[in-house]
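Me: I would like to learn how to read a protein model step by step, beginning with its interior and then moving outward to its strands. Could you take me through it?

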Amino acid sequence: NKVAFYRLTNNAEGISLELKGKPLTCGVNPGLGVFSQDETLFFVADQNEAFKKGAVAVVKVDMISGQHEFIQSVATNIGPEMIRLSPDGKNIITVNRRGAHLAESDKNKTRMSSLTVFKILKSGKLKPLGEYPFKTVYPSDLRFDKSGEMIAVVAHESAFDDSKAEILFWDFNPNKKIQLKIRGARLELPK
């Protein structure tokens with residue numbers, strides 16, 4: 001349940017890792033994270049426990065002094081599997097499993113996942129902008145295009161054909177009331 005920061009040094013003497021500061025508690029089950037563009041903030045997806053809402057924890061990072069500070073934890077839906085920073089550094093998006101990864105026999109199984117959009121405020125805190133449910137099973141990755149106007153979500157299993165994986169494409173505009181709009185086509189792939 002902790003996040004630690006290390007400095008990697010690669011010089012003539014070899015490669016070394018140095019712990020910078022004390023590890024910080026960042027929820028119940030922190031997973032993947034991403035730094036802000038200036039590397040002063042770290043956003044980590046906390047998957048929490050099964051069937052409980054996850055969160056994004058925000059840490060102010062000081063790699064010189066090692067005095068890191070927990071700033072905030074903001075709720076997502078169940079199971080934030082992936083977290084990404086927009087190319088302009090102003091937004092965070094998580095892809096949430098919501099029980100879509102469970103066995104068909106499990107009473108909590110759903111074929112719905114979701115994306116949660118956050119705006120990064122000047123204070124470093126996150127402001128939730130919206131959640132966007134969509135049909136898919138076990139989403140595992142999300143990527144922005146270079147412009148930041150489109151994202152792709154990869155899922156291990158298509159919501160419509162269990163024998164295939166899929167990629168879903170979304171238009172992204174953080175300045176609109178509805179920030180994400182799914183494009184019509186799904187690209188199904190063999191597993």
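## Reading the core and the sheets

Reply: Let us begin inside this predicted model. The largest nonpolar core has 15 residues, and those with the most contacts inside it are Ile 93, Leu 115, Ile 151, Val 153, Trp 170 and Leu 180. At least two residues of this core come from each of S10, S11, S12, strand S13 (137-144), strand S14 (150-157) and strand S15 (164-172). The most is given by S15, with 3 residues.

Me: What is the general idea behind looking for such a core?

Reply: In soluble globular proteins, nonpolar side chains tend to be buried together. Here, another core lies apart from the one just described, and it has 13 residues, among them Val 34, Leu 41, Val 56 and Val 74.

Me: Which residues is Trp 170 in contact with, if neighbours within four places in sequence are left aside?

Reply: Trp 170 is in contact with Leu 115, Tyr 132, Pro 133, Phe 134, Glu 149, Met 150, Ile 151, Val 153, Leu 180, Lys 181, Ile 182 and Arg 183.

Me: How should I read the chain as a whole, and how many helices and strands does it have?

Reply: The chain has 16 strands and 0 helices. For overall extent, one can compare the radius of gyration with a rule for globules: for 191 residues a compact globule would have a value near 16 Å, and the 18 Å of this chain agrees with that. Along the principal axes, the C-alpha atoms fill a box of roughly 50 × 40 × 35 Å. Of the 191 residues, 43% are buried, while the chain exposes about 10500 Å², of which carbon and sulfur atoms supply 52%.

Me: How do I read a sheet once I have found its strands?

Reply: A careful way is to write down the strand order, then the sense of pairing, and then the edges. One open sheet of 4 strands has the order S9-S10-S11-S12, with antiparallel pairing. Its edge strands are strand S9 (80-85) and strand S12 (126-135), each of which pairs on one side only. From one strand to the next, the twist averages 20°.

Me: How are S9 and S10 joined?

Reply: S9 and S10 run antiparallel and are joined by 5 bridges, one example being Leu 85, whose bridge partner in S10 is Ile 92. The two strands form a hairpin with 5 residues between them, and in the turn Gly 89 has a positive phi of about 75°.

Me: What does S10 pair with on the S11 side, and is S10 buried or exposed?

Reply: Strand S10 (residues 91-96) pairs with strand S11 (residues 112-120) in the antiparallel sense over 6 bridges. In S11, the bridge partner of Asn 91 is Lys 119, and that of Asn 96 is Ser 114. As 6 of the 6 residues of S10 are buried, this strand is largely enclosed by the rest of the structure. Asn 91, Ile 93 and Val 95 point one way from S10, whereas Ile 92, Thr 94 and Asn 96 point the other way.

Me: Where are the edges of the sheet S5-S6-S7-S8?

Reply: This open sheet has 4 strands in the order S5-S6-S7-S8, with antiparallel pairing. Strand S5 (30-35) and strand S8 (69-78) stand at its edges with a single partner strand each, so one side of each is left without a neighbour in the sheet. Neighbouring strands of this sheet are turned by 20° against each other on average, direction ignored. S5 pairs with strand S6 (residues 41-46) in the antiparallel sense over 4 bridges, and Phe 35 stands opposite Phe 42 in S6.

Note on methods
Residues are numbered from 1 along each chain as its sequence is written. This is a predicted model: local features need pLDDT of at least 70, side-chain atom pairs count only at pLDDT 80 or more; totals for chains, interfaces and linings use all residues. Side-chain values use heavy atoms; hydrogens and water are left out. Two strands pair if DSSP finds at least two bridges between them. Axes are lines fitted to C-alpha atoms, for helices over the stretch in contact, and angles run from 0 to 180 degrees between N-to-C directions. Buried means under 20% relative accessible area, exposed over 50%, partly exposed in between (1.4 Å probe, protein chains only). The radius of gyration is taken over C-alpha atoms; the globule rule is 2.2 Å times the number of residues to the power 0.38. Accessible areas come from the Shrake-Rupley method with a 1.4 Å probe; for residues, only the protein chains shown count as cover. A nonpolar core is a set of buried Ala, Val, Leu, Ile, Met, Phe, Trp, Tyr and Cys residues joined through side-chain atoms within 4.5 Å. Contact means heavy atoms within 4.5 Å.
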